[in-house]
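Welcome, and please load the model in your viewer. We will go from stop to stop, with something to select at each one.

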Amino acid sequence: MAEVKNFRVEADLLGELKVPDEALYGVQTQRGINNYHISRKTMRAYPDFIIAIAYVKLAAIETNHTLGVINDEISGSISQACREIIEGKWHENFPIDMVQGGAGTSVNMNANEVIANRALEIMGHEKGDYQFCSPNDHCNCGQSTNDVYPTSIRLALIRMNTHLVGALTGLISAFRYKADEYADVIKMGRTQLQDAVPMSFGQEFNAYANNLEEEILNLERNVKLLHEINMGGTAIGTGLNAVPGFAKLCAANLSKLTGENFETATDLVEATPDTGAYVSYSSALKRLAIKLSKICNDLRLMASGPRCGLNEINLPAKAPGSSIMPGKVNPVIPEVTNQVCFKVIGNDATVSFAAEAGQLELNVMEPIITESLFESLTWMKNAIETLTSECILGITVNKERCYEMVKNSIGIVTALNPIIGYKKSTKVAKEAHATGRSVYDIVIEQGILSKEELDKALDPKEMLQSHKFTLK
């Protein structure tokens, strides 16, 4: 008898199941809990997803109410339940694994059951007493998993993209700050890991900032693709069981509720299995990951040493670097960022395979697309915030070390090309390399230029930008 007090019994197509009495979810959610133990990451790990599906359900119930399909009491109670979820309540009632079969049916029914049971409580009925408010007949009216699930994914991605862009904006600002702080510090630029020509840290750090600003623009371009939705298409895009006018009014309601400009796809049959927007957005995340990983590679190279590497910059010391080598400190923050970037690149491959795997009027692989994109967004945002606060803002520059490398570099002979010609410059470079002597001493010794001419030509600050010259 004690067990009966803790559970209620609900039934579906497959039969009866016990559901925890305090739970707002019902039998189909319980089946999802029982069936899927894959990623061990539940919907609760992504609050934006729960909020997104509540917005979609709210837009749907407002649409059905306006179109005269559902009465005031039921629609009002469902609306209140949706708004409570949007405010952050009842999220503990979304316990199913993100990776699942069924093309997202478990997710949709989880939302339907939580909303229905909360609406029942609001109306003064017992949970599970679905004759007064049904997960299927009322909360899913005019809908299908096949339009609710992708629309919710898109809204969740849009919300999560805002968080990512915010983190990326902070990283860009940090690089700008460091560019201003070390604007006049000269260092050696390198190509193919070989000495090239001098540059400033202001140029280096501003280049990183500009490079990442391009990624904000690219993310925003691809987010626009997510605003086309297939709500009202129901099962395969034909709109069966949705009343006329549902699709466009639901998109308008969702836009009004969220502040986003959602549009109904022109061909709902085409839109229902189409995962192209996910592929494009995942590719934008991958592009960001590739660029960010390259920047972290640069930071680790510039900080290499401290005695036997470049030792141009110092990264904040965050952890002892070895269990056997005393005094060693590793660049752990760029390292962890690199690894996150690898994960995002791998997730993009998963999205590509899953998008290709769709058949006929539906792509049943959307759950793994969803989990891959949510994971990439979450990890990338967290990594960028960590990189900004724990690494970039604490970077210092070894000014004297950098200047000595510039002064002794063979690469500065490039600045003499317009004055003495490529052939003579090459001869000077070869001799400097063979003898270990400086370019400066060899040019003076051979009488190629006067000291005054050479000092002007090899002033590192003069080599940081284009300038006028006349070939002899």
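## First stop: helix 11

Select residues 332-356 and you have helix 11, a run of 25 residues. From its first C-alpha to its last it reaches 37 Å, close to the 36 Å expected at 1.5 Å a residue. Bear in mind as you look that this is a predicted model.

Now show the side chains of helix 11. Which of its residues are buried? They are Ile333, Pro334, Thr337, Asn338, Val340, Cys341, Val344, Asn347, Asp348, Val351, Ala354 and Ala355. As you read along that list, remember that an α-helix has 3.6 residues a turn, so residues three or four places apart point the same way. To see what covers the buried residues, add helix 10 (276-302) and helix 12 (366-390), which are both part of that cover.

## Zoom out: the whole chain

Switch to a cartoon of the full protein chain, with its 17 helices and 8 strands. The radius of gyration is 30 Å, well over the 23 Å that the globule rule gives for 472 residues, so the chain is more spread out than a compact globule. Turn the C-alpha trace along its principal axes and you will find spans of about 100 × 55 × 35 Å.

Colour by burial next: 51% of the 472 residues count as buried. If you draw contacts between residues at least 6 apart in sequence, 72% of them join residues at least 24 apart. With the surface switched on, you are looking at about 22300 Å² of accessible area, of which 54% belongs to carbon and sulfur atoms.

## The annotated span

Select residues 15-346, where UniProt, in an unreviewed entry, places the feature "domain: Fumarate lyase N-terminal". The end C-alpha atoms of this span lie 40 Å apart, and the span is 55% helix and 8% strand.

## A hairpin

Go to strand 3 (residues 186-191) and strand 4 (residues 194-200). In which sense do strand 3 and strand 4 pair? They are antiparallel, with 5 bridges between them. Pick Ile186 and look across to Ser200, its bridge partner in strand 4. Then move to the turn: 2 residues sit between the strands of this hairpin, and Gln192 takes a positive phi near 55°.

## Three residues to click

Begin with Asn64, in helix 3 (residues 47-66). Is Asn64 buried or exposed? It counts as buried because its relative accessibility is 1%, and the cut-off for buried is under 20%. Leaving aside its neighbours within four places in sequence, Asn64 is in contact with Val69, Ile70, Cys141, Gln143 and Phe246.

Glu220 comes next, in helix 7 (residues 201-223). With a relative accessible area of 38%, Glu220 is partly exposed. Draw a distance from its C-alpha to that of Ala284: these residues are 64 apart in sequence and 9.3 Å apart in space.

Finish at Ala303, in the loop between helix 10 and strand 7 (313-314). Ala303 counts as partly exposed, at 23% relative accessibility. Beyond its neighbours within four places in sequence, Ala303 is in contact with Ile313 and Leu315. For a last distance, pair Ala303 with Ser77: the two are 226 residues apart in sequence, and their C-alpha atoms are 60 Å apart in space.

Key: Residues numbered from 1 in each chain as written. Predicted model: local features only at pLDDT ≥ 70, side-chain atom pairs only at ≥ 80, totals over all residues. Heavy atoms only, no water. Helix = DSSP H or I, 4+ residues; strand = E, 2+ residues; numbered from the N terminus. Expected span 1.5 Å × (residues − 1). Buried < 20%, exposed > 50% of the residue type's maximum accessible area, 1.4 Å probe, protein only. Contact = heavy atoms within 4.5 Å. UniProt positions renumbered as here; feature names shortened; annotations may be inferred. Pairing = 2+ DSSP bridges. Rg over C-alpha atoms; globule rule 2.2 N^0.38 Å. Areas by Shrake-Rupley, 256 points an atom, 1.4 Å probe, with all protein chains shown as cover.
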